[in-house]
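Q: Hello! I am new to this structure and would like a close look at a single part of it, please.

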Amino acid sequence: MAGQELPYVLIDCIGGQRGVFEDHVELLEKHFHLITMKEYLENKKFLSEKITAIYIWYHKPVINEELLQSLPNLKIIASSGVGIDHLDLHLLSRYGVKVANTPFAVSTATADFAIALMLASSRRLVEGYQMAVSPNTEYFPANWLGDEVSGATLGIVGMGAIGYKVAQRAKAFEMKILYHNRNRRNKEEESAVGAVYCKKIDDLLQQSDFVLLSVTLTPQTHKLIGKRELELMKPTATLINISRGVVVDQDALVEALQNKVIKAAALDVTYPEPLPRDHPLLKLKNVIITPHIGSATKKTRSVMVENMTESIQAGLAGLPIPNEVLL
Amino acid sequence: MLRSKAFSVLKPIPLMFGQSNLACKCMHPAIASHGHHCHRRSVDYRQRYKTCPFSAGGRTISTSQMQVMAEELPGVLVLDIGGTHGVLENLAALLKKHFHLITMKEFLENKKEMSKKIQSIFVFECRPTIDQQLLESLPNLKVIGNSGVGVDHLDLKMISNFGVKVTNTPHAVADPTADMGMALMLASARRLVEGCQIAVSPETKCFAVDWMGVEVTRATLGIIGMGSIGYKVAQRARAFNMKILYHNRNRRRKDEEEAVGAHYCEKMEDLLQQSDFVMLVVNLTPETHKLIGKKELGLMKPTATLINISRGAVIDQDALVEALQKKIIRAAALDVTYPEPLPRDHPLLKLNNIIITPHIGTATVHAIHMMAEEAIANMLAVLSGQPIPSEVFPK
């Protein structure tokens, strides 16, 4: 691209706890002229016309109408991860800005993590670790038991790319797999993983030993699992959430766990993140909470950067955009 | 969630307390067919139970009759029922279907009478300890049925010298232990325990985005010890598209290798050098004692994780501490240590690149039940002269 200026891409910041990774910056600067939010605000007059793309890394920078109005030449926004509930797609469409995410980059690592949570919860791994290292431990008691994953029934709510990969993994543990989805998968896909479709979510809830939530957050899936759904679950069942916190009615979940309406929960996502430090979920013994690390591997992050770079380049060139999010 | 696995000897017939079809077949006179000379024995093996003493012909059996019937069943010695190290209550109930259950306390209080009744010992979580003194005091002991597959806590040679057979439970342990291997690998790779600590810590204000683990899918898993458990680990790992290497005393058949996509490494060194995750799934024998030491750890990748679901003594623990402190390997995840539990001031407990779990590889409600059933089937087979599903022989 000799002689031609690289496209100006707005990012939030570099480094620190939530900024764009230092080692990704090198790769990105081969293709783009990165402008941090700080630099932009210091030189709005000049930069506002130049910026044609925004690179959203973990929900930052925040996109609002004010920002869109001040970037007349903005063509495309690439957002890391698969969730786009932090973006107002209608608003962006009105301004003619295209959106891309990274659905496939995250699917493997997130599916792996769902299995990690299921195993850790059923085998009481975190509790076991605490016992193994506690200064008070004198012996390991014989009557300390968990529950088996092999041969149990897994109900997958949301059989998209991530849900399907979970099914592929769960099959190797000889699990019986039920699933509930907006659309039924085709016969070959179902037989490949031995998954049985449950048109009514109630049927899945009543039969599953493990209920996994791997849906996108939409108005339809907001508080999908509430008091009624928790009561339909077996009292020996475990709820695993790798979607978004608000797919579950958190207050109803607290009550269900306290009253042993369900056996346990394992949550990689909550609302908000992190939870307030005095939240009842943090005090319950039968909950594992992890800090939204479903896709937190080096490899996945590198693939995300590549995907986002491709999407921005395609968007700016007027070509079909890989991983475009359509309304 | 209970699935019944068919053991060829024991049919899962629901039996009343004290009732046993199989008790009638116990004490078969053809003990000589077992093929070893019990030179110290002078007991008449042709003691018989009354044939079918329990055919009550439709009339109800009184409690005292039931007690008498129970006491006519072969005696099985256990350490205790309940308590910190005793057999779990529901397992005791299973045992009582086929045996007259005698606790160590009952035995010691009434040695004269009880010692003759005890034909079997159910060893649960390595207890009771089997020593020369105990074996000498049980003239009619035929079999030690171990709950679990590892028998490194039993002196097989000494026990064999007394003409006593030893059985273990390889089938019941395989699935839950393979699951545990996978659980540890995933938890370690994805820093699950650390993550939980961050999620609940009073100090946590936000979740850092530059906090990452390592990927399991498509990584290379090296399985050392490809027996039943190791093979089930391979089956599970395959679903994660892992590249699977294995090292074993004997190479598996081609079709077995192909079914899980496993590549044989004749030299353990090759496996160590190429693996992202090294999982130890061997039995503890003199050959596997300290199998993984300083040299082996040095051969592993600095980004690799060591997972142990065999026995603590398979690893040179001091070498492991050093390797973890110096980041010669990335991390370790151990369900087993030596001893268990570790002393509270042990350096392994202080490292932050290690997960330790309290030997819970078979600690599930289902597995504990299945292990007891498998042990019972084995013990009854010995006592009735039937083919023994899982006998363990001294080397």
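Where is B:Pro128 found in chain B? Please start there, and then show me what surrounds that part of the picture.

A: Happy to help! Please keep in mind that this is a predicted model. B:Pro128 is found in a loop of chain B, the one that runs between the strand β3 (118-123) and the helix α5 (132-136). What joins B:Pro128 to B:Arg127 is a cis peptide bond, with omega about 5°. Most peptide bonds are trans, so a cis bond is a nice detail to look for.

Chain A has a cis bond to show you as well. The peptide bond from A:Glu273 to A:Pro274 is cis, and its omega is near -5°. A:Pro274 also has its place in a loop, between β11 (264-267) and β12 (287-289) of chain A.

Back in chain B, another backbone detail sits at B:Arg218. The phi of B:Arg218 is near 70°, a positive value in a residue other than glycine. Most residues other than glycine have a negative phi. You will find B:Arg218 in the loop between α8 and β6 (220-224) of chain B.

Now let us turn to how chain B meets chain A. The contact takes in 67 residues of chain B and 65 residues of chain A. Between them the two chains bury about 5800 Å², and 65% of that area is on carbon and sulfur atoms. Several elements of chain B each supply at least two residues to the side that touches chain A: α7 (170-189), α8 (192-200), α9 (228-238), β12 (354-356) and α14 (365-383). Of these, α7(B) gives the most, with 9 residues. The residues on this side of chain B divide into 38 nonpolar, 16 polar and 13 charged. As for links between the chains, there are 24 residue pairs in polar contact, with both residues at pLDDT 80 or more, while the count of salt bridges is 0.

Finally, have a look at the spaces inside. The structure holds 3 cavities of 30 Å³ or more. The second largest cavity has about 50 Å³ of space. Its lining is made of 14 residues, and those nearest its centre are A:Phe140, B:Thr337, B:Glu340, B:Ile356 and B:Thr357. The lining of this second largest cavity divides into 8 nonpolar, 3 polar and 3 charged residues.

Terms used
Residues are numbered from 1 along each chain as its sequence is written. Chains are lettered from A and ligands numbered from 1 in the order in which they are written. This is a predicted model: local features need pLDDT of at least 70, side-chain atom pairs count only at pLDDT 80 or more; totals for chains, interfaces and linings use all residues. Side-chain values use heavy atoms; hydrogens and water are left out. On a 1 Å grid over the protein atoms alone, a cavity is a set of points where a 1.4 Å probe fits but cannot get out, and a pocket is an open set with protein on both sides within 12 Å along at least five of seven lines; lining residues have an atom within 4 Å of a point. Grid points are joined across faces, edges and corners, and a volume is the space filled by probe spheres set on the points. Ala, Val, Leu, Ile, Met, Phe, Trp, Tyr, Cys and Pro count as nonpolar, Asp, Glu, Lys and Arg as charged, and the others, Gly among them, as polar. Contact means heavy atoms within 4.5 Å. Buried area is the accessible area (1.4 Å probe) that two parts lose on being put together, summed over both. A salt bridge is a side-chain nitrogen of Lys or Arg within 4 Å of a carboxyl oxygen of Asp or Glu. A polar contact is a pair of N or O atoms within 3.5 Å; within protein, one must be able to donate a hydrogen and the other to accept it, and residues adjacent in sequence count only if both atoms are side-chain atoms. Helices (H or I, at least four residues) and strands (E, at least two) are DSSP runs, numbered from the N terminus.
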